[in-house]
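Subject: Structure for your files

Hello,

Here is the structure I said I would pass on. My notes on what turned up in it follow below.

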Amino acid sequence: MPVNPDLVGRSFPPVSPYLVGREKIREFARATRSESPLSLDPEAARAAGFGDVVAPPTFAIVVQEQTLEQLLHEPDAGIDFARVVHGDQRFTYSRPIVAGDELTATLNVASVKTLGGHSMVTAESVMVDEAGEHVVTAISTLVVRGDE
């Protein structure tokens, strides 16, 4: 089943709020080999003007993943996860993610393109904090391989 081109413009309900924990940030920093004291040491983060440790820039993928699950499980999407390759990832921040943030993300399908028998699905996940203020928009492009 090909990817449904009618996905373009489809918005999904917000996912459950994600409470960003200090240890999750530290684990992510270590996994991505970040050595920034801002991500590892609360005192260093506070000395730099933050309330707690600061997430590495790619940490937002942890929250975005919840929204992408919605897309991958959409009954009429036509996306076979076994054929998906992550094609691109971008982030646009209004401010850094800090331990203690409670983020809610909402996914919107920005585009579906067909190239050489493959489909490219671009989805944007807008994340806001508990006050409803924008924190980051994560943009992913999934390449869905066509039949071989």
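Helix 4 is the main contributor to the lining of the second largest pocket, giving 5 residues. Please keep in mind throughout that this is a predicted model. Strand 2 (84-93) also supplies at least two residues of that lining, as does helix 4 (60-72). The full set of lining residues is Ile61, Glu65, Leu68, Glu69, Leu72, Phe81, Val84, His86 and Leu142. By character they divide into 6 nonpolar, 1 polar and 2 charged. The volume of this second largest pocket comes to about 160 Å³.

One of the lining residues, Glu65, has its place in helix 4. Is Glu65 buried, partly exposed or exposed? Its relative accessible area is 38%, so Glu65 counts as partly exposed. Glu65 is 73 residues from Ala138 along the chain, and their C-alpha atoms are separated by 9.9 Å.

Next, the nonpolar cores. In soluble globular proteins, nonpolar side chains tend to be buried together. The largest nonpolar core here has 18 residues, and the members that touch the most others are Val20, Ile25, Phe59, Ile97 and Met127. Two or more residues of this core come from each of helix 1 (22-31), helix 4, strand 3 (102-115) and strand 5 (134-144). Strand 5 gives the most, with 3 residues. Another core lies apart from this one; it has 16 residues, including Leu68, Ala77, Leu107 and Val112. Leu68 also appears in the lining of the second largest pocket.

Phe59 deserves a paragraph of its own. With a relative accessible area of 1%, Phe59 falls under the 20% limit and is therefore buried. Leaving out residues up to four places away in sequence, Phe59 touches Tyr18, Val20, Lys24, Ile25, Phe28 and Ile97. Of these contacts, Val20, Ile25 and Ile97 are also named, with Phe59, among the core members that touch the most others.

On aromatic pairs: the search of the whole structure gave 3. Phe28 and Phe59 make an edge-to-face pair, with 5.3 Å from centre to centre and 80 degrees between the planes. What does this pair tie together? Phe28 belongs to helix 1 and Phe59 to the loop between helix 3 (42-47) and helix 4, so the pair links parts that are 31 residues apart in sequence. Phe28 is buried, at a relative accessible area of 16%. A tilted pair is formed by Phe91 and Tyr93, at 6.4 Å centre to centre and 40 degrees between the planes. Both of its partners count as partly exposed: Phe91 has 24% relative accessibility, and Tyr93 has 30%. Finally, Tyr18, Phe28 and Phe59 form one aromatic cluster.

Three other residues are worth listing.

Arg26 is in helix 1. Its relative accessibility is 17%, under the 20% limit, so Arg26 counts as buried although it is a charged residue. Neighbours within four places in sequence aside, Arg26 is in contact with Ser39, Leu40 and Pro42.

Thr137 is in strand 5. Thr137 is buried too, with a relative accessible area of 12%. Which residues does Thr137 touch, not counting those up to four places away in sequence? They are Arg90, Phe91, Thr92, Glu124, Ser125 and Val126. Phe91 is thus a contact of Thr137 as well as a partner in the tilted pair with Tyr93. From Thr137 to Ser39 the C-alpha to C-alpha distance is 20 Å, with their positions 98 residues apart in sequence.

Ser16 lies in the segment before strand 1 (18-19). At 55% relative accessibility Ser16 is over the 50% limit and so counts as exposed. Outside its neighbours up to four places away in sequence, Ser16 touches Gln66 and Leu103. Ser16 and Ala47 are 31 residues apart in sequence, and their C-alpha atoms are 32 Å apart in space.

That is the end of my notes.

Regards

Terms used
Residues numbered from 1 in each chain as written. Predicted model: local features only at pLDDT ≥ 70, side-chain atom pairs only at ≥ 80, totals over all residues. Heavy atoms only, no water. 1 Å grid on protein atoms, 1.4 Å probe; cavity = no way out; pocket = protein on both sides within 12 Å on 5 of 7 lines; lining within 4 Å. Points joined across faces, edges and corners; volume = space filled by probe spheres on them. Helix = DSSP H or I, 4+ residues; strand = E, 2+ residues; numbered from the N terminus. Core = buried A, V, L, I, M, F, W, Y, C linked by side-chain atoms within 4.5 Å. Buried < 20%, exposed > 50% of the residue type's maximum accessible area, 1.4 Å probe, protein only. Contact = heavy atoms within 4.5 Å. Phe/Tyr/Trp six-rings, centres within 6.5 Å; stacked < 30°, edge-to-face > 60°.
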